[in-house]
Amino acid sequence: MTTATASATQQTIAGIEFPHCILNASGCFNPVTFHQLNHLGACLGGIVTKTTTPEPRPGNPLPRTVELPGVGMLNSIGLQNPGLTHVLQQDIPTFADCGNVPIILSIAACSTAEFADMAAAIEAHPHRRHIQALEVNLSCPNVAKGGVDFGKSPELIADIITTLKQVTPLPLFAKLTPNVASMVPMAESAMAAGASGIVAINTVLGAHINIHSKKATLPRISGGYSGPGIFPIALHHVLTLKRALPTATIIGVGGISNAENAIAMLMAGASLLQVGTQCFANPSVFGQLHQQLHQYMADEGITHMDELVGAALA
Amino acid sequence: MPAAPVCTAPNTPLPTDTLCCILSNVQVGPTLWIMRLLPQHHAATGQAASGFTCHPGQFVMVGLPETSGVPSFSFRRPMSVYQTHDDGSLSIFYKVHGRGTRLFSELTAGNTLALTGPLGNTLPQDAPPESTLLVGGGIGIAPLVCWASRHLSPSPTRLVYGVHSQADIGISDAIESIFTKEHTLICTDDGSTGFNGNVVAGLTKNPQLTQGITHVLICGPMPMMRATWQFCQTNLPDANVYVSLEEHMPCGTGSCSGCVVDVIDEPLPVKSCQVGPVFLASRLQWATTSVTAGSNA
């Protein structure tokens, strides 16, 4: 049995050498436990941290998740995190020991000024050397502008990316919401402001009602829908974004659960992939996808994954 | 400040994610089953080192079987380790009360399941058996039996076990083989056997069971654990009381923050799958601890 060489799925994006093209999605992945389970250096392209905010956040009341059998889950975690100082001081050096793969720090804030302050704190921290890029989670409401979601405003996205670029030389990947009529204006704005790539898609808004209690299961009523059920939605958005922005780097995420999904997402135009919710159903998913992707490439006579990227758009 | 695990044992093995062969899946009550699992590679090679090494109180995340051979998304189900065996296999004791556990009950010897573990911290290994009281409710008995089975036989440990009815005991043979009659109190809601009432009523009526007790280990439904902790605060104020939480756990790996509990002096809720599932009862913020907690069905 022949498989493609290890370098066949290596990617260099924004100057960062990713040893594999599949990363974890933010918030679905404890690097320490998964490194124990998987030996991440052999199968993971990089670690994306859980989103950190400037200050600690306690998150939302329980229950925070709903299993949706067969199709995925809803979550309403509420960005529980210990805050930037703790993440920089405690978590980043720990993650650096988990497979020696690039680390992308996911950040969120509630105003452009807060984003800038976070970037400055990251730049000033001795553990900055472990961080290769920032993923800018644009899901928060902008408290300074009446609660408008950052991710739904091209102007606000441009403002944040431009501001961050002035504070940090780290590559910025803008994680965008699909809960808009079209993601293209947001992606165009992020790229024009200097983002190194677009992460598409974040979770899709969804809800669940318990027909016995006659109430919404999640205390906050709606949550983020993720898992295999949103894969066609994610694929649609990545295809659309790549058509509109053919030179932009797209990191494809949303419902990738098997090798067929991963390959299709590459063909839609993604240069890197992230896998999130499937980690819960299958903690060995990274090693399996890595092996199956290499096998597919060998079977198809593909020497490097770039031959797959955007193939469906040709 | 990260929350320190209250009782992580030395030599706690690292978890693995492995495909397991079901050695047996036996019904032991109307809705109760015991499933014994052996890592498939271990079954093939017979290498002792590749079997399960678990400490009492730890749990495993068990994947649901694929139906019709088609992968289908599901959370894995957290299951306390009930028994470990010399051949490297482990057993779980489970109640069918939802889609996942129903699928488990339909499996037979020779079927396979994915399993991640062992996970979580442990019940205190240094609690003296002769002055320890175990209080179990329903399938919450599983980690307590596992703990007691690691000690002297017959165990000098006292056991109070609450179930709805005699048929819900499921593991009478194991209880009788580990614990002496004088040290065992079965409590049934319907009075079909043993003491007619819940575990707190049973403890109240049988003060000899709490004499000289220095450690109490509790596992069961949250209302039962809450009531038992309140009993201990009044009647065993100096005892070290531990609870093993059966929170809903989507991942079990410390990844999702879906199973958090509030702990005194911790600024943020802590992940019960990672910091727990065993906590000192005195450290839990009982006022905000979920009353709807229960293992994934």
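This is a short talk on a predicted model with a chain A and a chain B, covering a sheet in chain A, the interface, and a few backbone details.

I'll begin with the sheet. Chain A has an open sheet of eight strands, and their order is 3-18-17-12-11-8-7-4, with parallel pairing. At the edges are strand 3, residues 22-24, and strand 4, residues 47-48, each of which pairs on one side only. As general background, strands of a sheet pair through backbone hydrogen bonds, and the pairing is either parallel or antiparallel.

For one pair inside this sheet, take strand 7 of chain A, residues 103-107, and strand 8 of chain A, residues 133-137. These two are joined over four bridges, in the parallel sense. If you want a place to look, find Ile107(A): across from it, in strand 8 of chain A, stands Val136(A).

A helix also packs on the sheet. That is helix 6 of chain A, residues 231-244, and the strands it touches are strand 12 (197-200), strand 17 (250-253) and strand 18 (270-275) of chain A. The direction of helix 6 makes about 170° with that of strand 17 of chain A.

Now to the interface. How many residues of chain A are in contact with chain B? There are 36 of them, and they meet 29 residues of chain B. Between them the two chains bury about 2500 Å², and 60% of that is on carbon and sulfur atoms. On the chain A side, three residues supply more of the buried area than any other three: Leu62(A), Glu67(A) and Phe280(A), with 24% of what chain A buries against chain B.

As for polar interactions, two salt bridges cross the interface. In a salt bridge at 3.6 Å, N to O, the side chain of Glu67(A) meets that of Arg99(B). So Glu67(A) is to be noted twice, for its salt bridge and for its part in the buried area. Eleven residue pairs are in polar contact across the interface of chain A and chain B. The elements of chain A that each supply at least two residues to the side touching chain B are helix 1 (31-38), strand 5 (65-68), strand 6 (72-75) and helix 8 (278-281).

After helix 8 comes one more residue to look at. Asn282(A) is in the loop between helix 8 and helix 9 (285-300) of chain A. Is Asn282(A) buried or exposed? It counts as buried, because its relative accessibility is 14% and the cut-off for buried is under 20%. Leaving out residues up to four places away in sequence, Asn282(A) touches Gln288(A) in its own chain, and Asp17(B) and Arg76(B) in chain B.

Last, the backbone. In chain B, the peptide bond from Gly117(B) to Pro118(B) is cis, with omega near 0°. Pro118(B) belongs to strand 7 of chain B, residues 112-119. The bond from Gly276(B) to Pro277(B) is also cis, with omega near 15°, and Pro277(B) lies in the loop between strand 15 (270-271) and strand 16 (278-280) of chain B.

In chain A, two residues that are not glycine have a positive phi. Ala14(A) is at about 55°, in the loop between strand 1 (11-13) and strand 2 (16-18), and is partly exposed at 40% relative accessible area. Lys214(A) is at about 60°, in the loop between strand 14 (209-210) and strand 15 (215-216), and counts as exposed at 69%.

Definitions and conventions. Residues are numbered from 1 along each chain as its sequence is written. Chains are lettered from A and ligands numbered from 1 in the order in which they are written. This is a predicted model: local features need pLDDT of at least 70, side-chain atom pairs count only at pLDDT 80 or more; totals for chains, interfaces and linings use all residues. Side-chain values use heavy atoms; hydrogens and water are left out. Buried means under 20% relative accessible area, exposed over 50%, partly exposed in between (1.4 Å probe, protein chains only). Two strands pair if DSSP finds at least two bridges between them. Contact means heavy atoms within 4.5 Å. Axes are lines fitted to C-alpha atoms, for helices over the stretch in contact, and angles run from 0 to 180 degrees between N-to-C directions. Buried area is the accessible area (1.4 Å probe) that two parts lose on being put together, summed over both. A salt bridge is a side-chain nitrogen of Lys or Arg within 4 Å of a carboxyl oxygen of Asp or Glu. A polar contact is a pair of N or O atoms within 3.5 Å; within protein, one must be able to donate a hydrogen and the other to accept it, and residues adjacent in sequence count only if both atoms are side-chain atoms.
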